[in-house]
Amino acid sequence: MNYKITTLPGDGIGPEVVYEATKVLDIIANKYDHTFNFQERLMGGCSIDKYGTSLTDETLADCKDSDAVLLGAVGGPKWDNPEAKDRPERGLLALRKGLGVFANLRPVKVHPSLINSSPLKPEKLKDVDILVIRELTGGLYFGQPKMREMRDGKQYAVDTLEYFDYEIQRIIQLAFELAKDRKKKVTSVDKANVLESSRLWRQIASNLGTANPDIQLEHTLVDTASMKLITSPASFDVIVTENMFGDILTDEASVLAGSMGMLPSASLAESTSRSDKEARVGLYEPIHGSAPDIAGQGIANPIGTILSCALMLRYSLKLEFEAQAIENAVDAVISSGAKTLDLGGKLTTRQMADEIIKNL
Ligand code: IPM
Ligand code: MG
């Protein structure tokens, strides 16, 4: 089969990790007789530099017209001016919204060989296998009003945490669906003791819990959840939560896996999220940022991006066998003790990717 994949390498280490990941996809294409047509576009700081905007209409249209989008990372000190009209991150948010990818899946697994790369006690990390499902196109990131102005001679700023029932319904529904193939437990994370949007969230989660009696549903306040992620991470299966809570909790959860560089993500739109429907464009990106401090040195960990390609094969291209081939190769390489700098090893970005390719 023929597939069109748009790559958005972005800024910092983004281009380095995306380059290695496309090498892995090329090998998969060869081995399993597919054709991946890559088209590279600018998004983020690099797009501001070239076009004066972090995401052009043309790039968004090209992404919509693809089978999948692979993103590296965006941002960096060069574009950090708080007065600037546009920021690299705005392009990413506009892309997520434009593609309608409301469900951000962030699987967190602890590989036995990496238990010592995490600062947590080894016994805490045994059997950790969490799927965080972060709502991605609503909540605090997008709610209106969102602005800054002078009020009575004082600076005033507001962000809004807003949700419609259907936005909550579809993300929690997806959590229940995905939990069915796992340990059948959903932890819905909210702040229902304080926030009205969380009370609506909890009510919808409870109703879906009643409709899905085969799944164990628990409600956990976000502050408690952040503590339990460290004290008893193995007690979680699927976590589903609001956009910003999910952003914060997944950085925390990455510590379990030994490094931010390990974690992939898949952002799915309505039709990609239903296995029985036709696949549609999804956005795939590692959860780490552009890491300007190590950019250009060829030492970034490419695994988060390579595993994101596996998720792309699974969810957008419906190539489950090929997805597992990548995951197995990464597993084998990690088991052999191969490590990049972030994991306490010496391998460069390219060497790590080449090791994975050897195991494909
Ligand atoms: C992430 C990142 C982004 C987010 C930033 C870069 C806008 O932190 O994907 O987790 O907050 O969603
Ligand atoms: Mg984040």
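## Ligand 1 and its pocket

The second largest pocket holds about 460 Å³ of space. Here a pocket is an open set of points on a 1 Å grid over the protein atoms alone, with protein on both sides within 12 Å along at least five of seven lines, and lining residues have an atom within 4 Å of a point. The model is predicted, so local features need pLDDT of at least 70 and side-chain atom pairs 80 or more, while totals for chains, interfaces and linings use all residues. Residues are numbered from 1 along each chain as its sequence is written, and side-chain values use heavy atoms, without hydrogens and water.

**Exercise 1.** Work out which residues line the second largest pocket closest to its centre.

*Solution.*
- Start with the lining, which has 22 residues; Glu89, Leu92, Arg96, Tyr141 and Asp247 are the closest to the centre.
- Next, sort the lining by class: ten nonpolar, three polar and nine charged.
- Then look at the helices: helix 4 gives the most, with four residues.

**Exercise 2.** Find which residues surround ligand 1, then look at its polar contacts.

*Solution.*
- Ligand 1 has Glu89, Arg96, Arg106, Arg134, Tyr141 and Asp247 around it, each with a heavy atom within 4 Å.
- Now check N or O pairs within 3.5 Å. An oxygen atom of ligand 1 is 2.5 Å from a side-chain N or O atom of Tyr141. For Arg134 the polar side-chain atom lies 2.8 Å from a ligand 1 oxygen, and for Arg106 the distance is 2.9 Å.

Terms used
Chains are lettered from A and ligands numbered from 1 in the order in which they are written. A polar contact is a pair of N or O atoms within 3.5 Å; within protein, one must be able to donate a hydrogen and the other to accept it, and residues adjacent in sequence count only if both atoms are side-chain atoms. On a 1 Å grid over the protein atoms alone, a cavity is a set of points where a 1.4 Å probe fits but cannot get out, and a pocket is an open set with protein on both sides within 12 Å along at least five of seven lines; lining residues have an atom within 4 Å of a point. Grid points are joined across faces, edges and corners, and a volume is the space filled by probe spheres set on the points. Helices (H or I, at least four residues) and strands (E, at least two) are DSSP runs, numbered from the N terminus. Ala, Val, Leu, Ile, Met, Phe, Trp, Tyr, Cys and Pro count as nonpolar, Asp, Glu, Lys and Arg as charged, and the others, Gly among them, as polar.
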